[in-house]
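Okay, thanks for squeezing me in. I'll put the model up on the screen and then we'll walk through it together.

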Amino acid sequence: MYNDTVATGDSDRLAVTNQALRDLSGCNGLLVRDWIEQHKDEIISHNAKFGMENKKDPSNPASYANKGKDTDKILLLINDEFLSGEAFKAGRN
C-alpha cells in the first residue's frame, strides 16, 4: 500500500524483504521467512511492479534488498501512516 499511495519515486519505495518485515513487526526472521514463502507470488509481483526485484534471481524474494535507500526513514513513515505507531515494539525507535 505504501509504495502505491505514499512513495513518490524509486528512492523512497521499499521492497518487501525479510529485513523490512522483521524491522516493522519485531518478529523472528524465521517466522518472516515462512510468511514470505507462503506469500511468494504476491511479494514477487509487488516488488517487480516497481522494478525492485533481484534481476539475477527474480523468483527468490529472499534475495531482494533495499540498498542505497534511507530505510529507517521509510520504515518510520510506514509505521506512522499505516501501522498507527505500532511497529518497532521489539525495541527499535
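So, burial to begin with: of the 93 residues in the protein, 33% are buried. For the cut-offs, buried is under 20% relative accessible area, exposed is over 50%, and partly exposed is in between, with a 1.4 Å probe and protein chains only.

Quick housekeeping. This is a predicted model, where local features need pLDDT of at least 70 and side-chain atom pairs count only at pLDDT 80 or more, while totals for chains, interfaces and linings use all residues. Residues are numbered from 1 along each chain as its sequence is written, and side-chain values use heavy atoms, with hydrogens and water left out.

Now the fold. The protein has 5 helices and 0 strands, so reading from the N terminus you get α-α-α-α-α. Those are DSSP runs numbered from the N terminus, H or I with at least four residues for a helix, E with at least two for a strand.

How about overall dimensions? Along the principal axes, the C-alpha atoms fill a box of roughly 35 × 30 × 20 Å. The radius of gyration is 13 Å, which agrees with the value near 12 Å for a compact globule of 93 residues. That one is taken over C-alpha atoms, and the globule rule is 2.2 Å times the number of residues to the power 0.38.

On contacts, meaning heavy atoms within 4.5 Å: looking at those with a separation of 6 or more, 53% are between residues 24 or more positions apart. The accessible surface comes to about 5900 Å², and 50% of that belongs to carbon and sulfur atoms. That's Shrake-Rupley with a 1.4 Å probe, and for residues only the protein chains shown count as cover.

Let's zoom in on helix H2, residues 18–25. Which residues of H2 are buried? Asn18, Ala20, Asp23 and Leu24 are, and what covers the buried residues of H2 includes helix H3 (29–38) and H5. Right after H2 comes Gly26, with a positive phi near 75 degrees.

Asn18 deserves a moment. Its relative accessible area is 19%, so Asn18 counts as buried. Setting aside neighbours within four places in sequence, Asn18 touches Gly29, Val32, Arg33 and Ile36. With Gly29 there's a specific pair: a polar side-chain atom of Asn18 lies 3.2 Å from the backbone oxygen of Gly29.

Next, Gly68, in the loop between helix H4 (40–49) and H5. Buried or exposed? Gly68 is exposed, at 88% relative accessible area. Gly68 and Ser11 are 57 residues apart along the chain, and their C-alpha atoms are separated by 8.1 Å.

Last stop, the segment after helix H5 (71–82), where we find Gly85. Ser84 is found in that segment after H5 too. Ser84 isn't a glycine, although its phi is positive, about 50 degrees. At 65% relative accessibility Ser84 counts as exposed, while Gly85, at 31%, counts as partly exposed. As for distance, Gly85 and Lys67 are 18 residues apart along the chain, with 24 Å between their C-alpha atoms.

That's my tour, happy to take questions.

Definitions and conventions
Polar contact = N/O pair within 3.5 Å; in protein donor to acceptor, adjacent residues only side chain to side chain.
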